[in-house]
Every structure is written in structure tokens, then in C-alpha cells.
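Here is a short briefing for a first look at this structure. Keep the sequence and the model in view while you read.

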Amino acid sequence: MQVSSLNEVKIYSLSAGRSLPEWLSDRKKRALQKKDVDIRRRIELIQDFEMPTVSTKIKVSRDGQYIMAVGTYKPRIRCFDTYQLSQKFERCLDSEVVTFEILSDDYSKIVFLQCGRFVEFHSQHGHYYKTRIPKFGRDFSYHYPSCDLYFVGASSEVYRLNLEQGRFLNSLQTDASESNVCDINPVHFLFAMGTAEGKVECWDPRTRNRVGLLDCALSSVTAGTEIDGLPSVSALKFDGALNMAVGTCTGQVLLYDLRSSNPLIVKDHHYGLPIKSIQFQHQLDLIISADSRIIKMWNKDTGKIFTSMEPEYDINDVCLYPNSGMLMTANEAPKMNIYYIPVLGPAPKWCSFLDNLTEELEENPESTVYDDYKFVTRQDLENLGLAHLIGSSLLRAYMHGFFMDIRLYHKAKMMANPFAYEEYRREKIRQKIEETRAQRVQLKKLPKVNKELALKLIEEEGEEQQVTRKRKQKNLPSLLKDDRFKVMFENPDFQVDEQSEEFRLLNPLVSKISEKRKRKLKILEELEAQEQEEEEEPEGKASDAESSESSDDEKGWVEEVRKQRKLLRQEEKVKRQERLKEDQQTLLKPQFFEIKEGEEFRSFKDSAKKQKLMKKTLGDRLKLEEKLGTLNVSDTTVGSKQATFKLKKTEQQKKQHEAEKQHRQERKTLRRSASHLKSKRGRGRLFR
């Protein structure tokens, strides 16, 4: 039994462990159980609870005694009796099952919707009747008051099959091109269907009229979601009389109140996979939604994650055993998973021993394997002097390091560093000295990069602290202490270039303020140098009398901007003069270009003409082409324009065309001469 915990919610996997092959005899199975400890310790809750290859759907009968699952290959259904903890029967089918429904309280009445448009009915003894629907079906629901089956699929119609009369009734005509899922409310029997366009249509079975329409595709797109295509509806489930959950093919789950067209909450799985199943857990007000990768349990009022599970194989269907904490899944694997979550509810009556088993496991928690081992890297081994143990049985290689026994690690550490206590004592003394020094006047230690910016931030923080003290507000976090901006004061690549054009135009009055800060920086650097030379910190405080100047004056701002622009223009003029001098000094060398084969060099005028043509508008170019005869524009009967072009030929193509024309002319003359000779010979024979 595997135990996992997420958000302090323990999940027990009852189907973990190896499964024995079906073709093994009972004698060999017993022999393997005696030899293999893992097989002996595994929990087989229901005997042979698996499929040959893949399981697609799984359901529980209303009385809770029978669990039915369908899968392949070959297509089949298996019924498991929970009272006997074994398989009740197995029936093979003609084609794969899309979905199925248990109509009775036990296994006596079952309906299967199959791939080949077939609808198959089974009774207690086996196959009972088989019929066919006009289009391929994807889902169906059973309306108990009227005994009608509603089929949706690759059609705009909803087919109705009455089981009391044994005939098809008039179908419901919808606005959708295709429908994926459907469900009937268990309280007021409202029929709802999810379409491929991302809408949910609600119909009243009594009047056979549409009573509501929800656009789930538009509501599922929120600010943080990224969608590749149209989110069609892939799952649908009613909860009580008023609530309905809708799952989309892009991985969102929307919870609706039928009295409102806007969703109460939108939950994203963040995998972009279609939602396969939605279940409601009423004891804790949870919604259990699953795609092919993960099963998520979240609160339907707040959307907060309760817990989640990621099985080893892709999920096809999820079934929650009623009034318990047991969860079963159909997977892309032979074995069907069974999970027990004690927080959701007690174990079912037929396996009540699970409660005692889980309680014993919680009372006596086993220490994990890693508690007795220490993970060390290669550098740690070299520091401890144990690098020669690499490759021996004392070290177990794992990822970028090794696992070693914790007792060996402590012994080696004591031998490698016998003065560890002395280092610990010095560290404690240093901490005590720093605590006493904190009471003295401390110097502002500025970073190596962007010192002026750091000084500016410190001054602004001091002003803000004074304001917040007066107003009794909370202090805002410091940018210097924030880890997100740490690199800006450590990496030289983030140094602010005060000589750049952008900085000088955006901050024209920074120069005045920066002069004061430069004075402060010099004083601080001198004090830091004195602190390094002397053992004790200098008592006292560097006071700098500063006059408060109004830096926000508009006139001063405009004048400073003008000065900076004049300086920038002068600098640009100097740079231009330097470039001209460099250009005059450089000597131009002639360059030779090679012409491609089949082309002739005419003159540079052609390139100049082409450049002029490219500058002209499309209308002027079309008129010029019409004059040259290479373009023909004509009106069509519909009212649009039709343009035909004649491509210009190169010299090589022209020569080839002329040679072909001359060759055709020669062949024509030869044919004429040959026909003339034949006619002469025929005339001579007639005269003879």
C-alpha cells in the first residue's frame, strides 16, 4: 500500500504493487506469494480487479453491491460483486463501448452505446436486444418519468428512444452542429447537453422546447488563461436542483447556478487537456474534476485546492463510491486504481477493515529510508576526505551526489574538523559583539553597484518612515532588501549610465541632486576606510548641513532641459566632424562583381528605372504595364476586376524560344515536302 500526502490529506493507493499474469495457474501464484515479499504484502481488495489491456468506463450500481467496468481488448464488460470481493461475470461485446448506463438498482438492466452506432440492451441473463441510431453517438441519458433514452452525438438532433413503447420518438432539433455530453437533473428532470461550439442547451422534456442557453466558451476565457482553439464542452454534471458543473476541452471547470448566466467560479487545471469526469462530494462541499493527467479536489465555494492525485497512467474515467472516501479510476492500463481517502468519508461496509488498517498506520508511522542516510556531493566528500570511497558499497550514487550512512557522516565530520566547537564558540561571540554594536551609531553600507541610486532610495525611505509614523501606517518593504532587485546592486551590467542621452533628457535636474549625493558618498567612503583601519567604530555622526532647494520648479526644469539639448547637439556636431575626417582619410578601392550565367550587362540605368518604379504607387505601375502590353485588365460579369500578366523573358529564354520556333518551322517544311512527294507518286500510279 502506497501512502501519499498533499495539503496534509493522506491518500492510500490500494492497487499499488505488481499484478500477477492471468495465465499463471493457482499453484504458481501461491508459490510466487511465498517467495516474493512485495506480492505477499500487497492488498488485493477485489480479486482480479483489472482489464486485459485498457479500461474506459467504471460505474457503481445504485445499491452499492456491484462495480461494473468496460474496456478492451477484446471489448467486454466485467461485473464485480463487492460482497464476495471477486468477479461476478464477464461478457464480451461486438464493438467497443463509448459509454453505458445501469438502469436498475443491480446489474439486471444495462444499456451500452457502442462505436458502430449500436445500442445494446442487457438483462440479467445476458444480451437482450440490439438496435441502431442514425448518427454516431457520444453520450446518452435516461429520463426515468417517461422511460426515454436521449442520445447525443455527431448530429444536430437529439434522438429519443422510448423503452416502454419500444420505438423511436420525434427527435429534438438543436442549433448545435454536434453534441458531446448530456445529463438529466435528478430533481426536476431538466435535460442539458454540451455542444462542440462551447454552449450548453437546456430542454424541458415535458414540452420538448428549449428553455435556456449558456455560452460556456466565452465564460471560460479569463485573464490568465491561454487557449489555442474554441473550448467545446467535454463534461457535464448536475448537483441538486440549481447547481451545474461544466468541463471544457481546454481544461477549465465552470460552476453555474441555473438562475444566472454567469459562472459562480472558474477553475483551471493548467494542463490544457479535456476534462473527462466531474463528481460532487457533499460532505465537504468538494468538486472532484479529472482530466487525463490529474484528479483535483477543490472547494466549490472558494475554489481552493483540497488535494490532488497524479496516477502513473492516463485517466479515462473516475467513479466516487457513494457515501464513502473510496475513489476508483479507469486508466490506460490493465489495472484499475482504487484510492482510499479517510478525510472524505469512512470505508464502505464491504471493506470496513480499511479504517482499522489506516488508523494503525497513522499510530505507528514508519521511518522512511532516507532518515538514516545523508545526501552528499562530490565536493563534500573531498572536504571530508572520503573521495576514495566512491564506487564502494558505502556510497550509493543518486542524481548529482551520493547517499551515505548518517553515522559514518558524523564520524568523518568529527575527524575532519575536530575544532568544530571552537568555531561554534567564535561564531556565538561574534554574534554577541554585533548585537552590542547595533546600539551604536551605524554607518550606511552602500553596495558596490549603483551607489547613488541606493543612497537615493535610503533617503526616500527615511522620509517615508517619518510620514508613516505621523499617520500611523505600515512601513512599505525596502527595495534594497528585496531579493527581486538584489542583482541590480550586485551585477555591474545593471550600472546606470548617467552620460547616456536618455538619462540626461529624462532626468535634467538629477545633476544638482547628484552633487549632494556625491559629497555624501565621499564622506561615507572615508568613514568606511577609517573603520577598516581602526578596530572600533568611530563614535559620532557625520553631519552635513544641506539647504532644501525646490527641485520641482517648472522654470528650472525647462531651462535645464534646454541646456541638456544644447549640449547633446554640440556633441553630435563634434561626432559628425570626426566621422567626416575619417571618411576623407579612408581611400575607396574598386570592387568587381561577377554576372550570372545567361545574363548580359546593359547599364546601370535599368537598376535606376527599377528603383523609380518601386517608388511609384500600384495604380501608376499597372497603367505603365498596360501601355507596355504586359498587363491586361478587364471587367467580369460579377462586377470584379480580372488581371492577366505576361512575364518578361530573359535573353537566354528568348534565344531558346527562337531556336524552338526555328526547329518547328524546319519540321513543318520537311513534312510538306514529304507529303508532296507522296502525292506525286500516287498520281503516277494512277496514270499507269
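Start with Lys575, which is partly exposed because its relative accessibility is 48%, between the 20% and 50% cut-offs. This is a predicted model. The points below begin at a charged surface patch, move to a buried strand, and end with the salt bridges.

**The positive patch**

- Lys575 sits in helix α11, which spans residues 554-585.
- Lys575 is also part of a positive surface patch.
- The other members of that patch are Arg562, Arg565, Lys566, Arg569, Lys573, Arg576 and Arg579.

**Strand β4 and its neighbours**

- Strand β4 covers residues 66-72, and seven of its seven residues are buried, so the rest of the structure largely encloses it.
- Which residues cover the two faces of β4? Tyr66, Met68, Val70 and Thr72 lie on one side, and Ile67, Ala69 and Gly71 lie on the other. All of these residues are buried.
- Strand β3 (residues 54-60) pairs with β4 in the antiparallel sense, over six bridges.
- One contact in this pairing is between Val54 and its bridge partner Thr72 in β4.
- The hairpin of β3 and β4 has five residues between the strands. Within this hairpin, Gly64 takes a positive phi near 80°.
- Strand β5 (residues 76-81) also pairs with β4, again antiparallel and over six bridges.
- Here Met68 has Cys79 of β5 as its bridge partner.
- Three residues form the hairpin connection from β4 to β5.

**Salt bridges**

- How many salt bridges does the model have? The count comes to 14.
- Glu90 and Arg78 are one such pair, with their side chains meeting at 3.2 Å, N to O. Glu90 lies in strand β6 (residues 86-92) and Arg78 in strand β5, so the bridge ties together parts that are 12 residues apart in sequence.
- Is Arg78 buried or exposed? Arg78 is buried, because its relative accessible area is 4%, under the 20% cut-off.
- Its partner Glu90 is partly exposed, at 33% relative accessibility.
- Arg160 and Asp148 form another salt bridge, with their closest N and O atoms 3.7 Å apart. This pair links distant parts of the chain, with Arg160 in strand β13 (residues 157-162) and Asp148 in strand β12 (residues 148-153), 12 residues apart.
- Arg160 is buried at 5% relative accessible area, and Asp148 is buried at 4%.
- Lys300 pairs with Asp239, the closest N and O atoms being 3.3 Å apart. Lys300 lies in the loop between β25 (295-299) and β26 (305-309), while Asp239 lies in strand β19 (residues 233-239), so this bridge ties together parts that are 61 residues apart in sequence.
- Both Lys300 and Asp239 are buried.
- Shared partners join Arg76, Arg78 and Glu90 into one salt-bridge network.

**Asp355**

- Asp355 is located in helix α4, residues 353-363.
- Asp355 is partly exposed, because its relative accessible area is 21%, and buried would mean under 20%.
- How far apart are Asp355 and Tyr340 in space? Their C-alpha atoms are 9.6 Å apart, and the two residues are 15 residues apart in sequence.

Notes: Residues are numbered from 1 along each chain as its sequence is written. This is a predicted model: local features need pLDDT of at least 70, side-chain atom pairs count only at pLDDT 80 or more; totals for chains, interfaces and linings use all residues. Side-chain values use heavy atoms; hydrogens and water are left out. Patches are made of residues with over 30% relative accessible area and no salt bridge: like charges are joined within 9 Å, nonpolar side chains (Val, Leu, Ile, Met, Phe, Trp, Tyr) within 5 Å. Accessible areas come from the Shrake-Rupley method with a 1.4 Å probe; for residues, only the protein chains shown count as cover. A salt bridge is a side-chain nitrogen of Lys or Arg within 4 Å of a carboxyl oxygen of Asp or Glu. Lys and Arg count as positive and Asp and Glu as negative; His and the chain ends are not counted. The place of a charge is taken as NZ of Lys, CZ of Arg, CG of Asp or CD of Glu. Helices (H or I, at least four residues) and strands (E, at least two) are DSSP runs, numbered from the N terminus. Buried means under 20% relative accessible area, exposed over 50%, partly exposed in between (1.4 Å probe, protein chains only). Two strands pair if DSSP finds at least two bridges between them.
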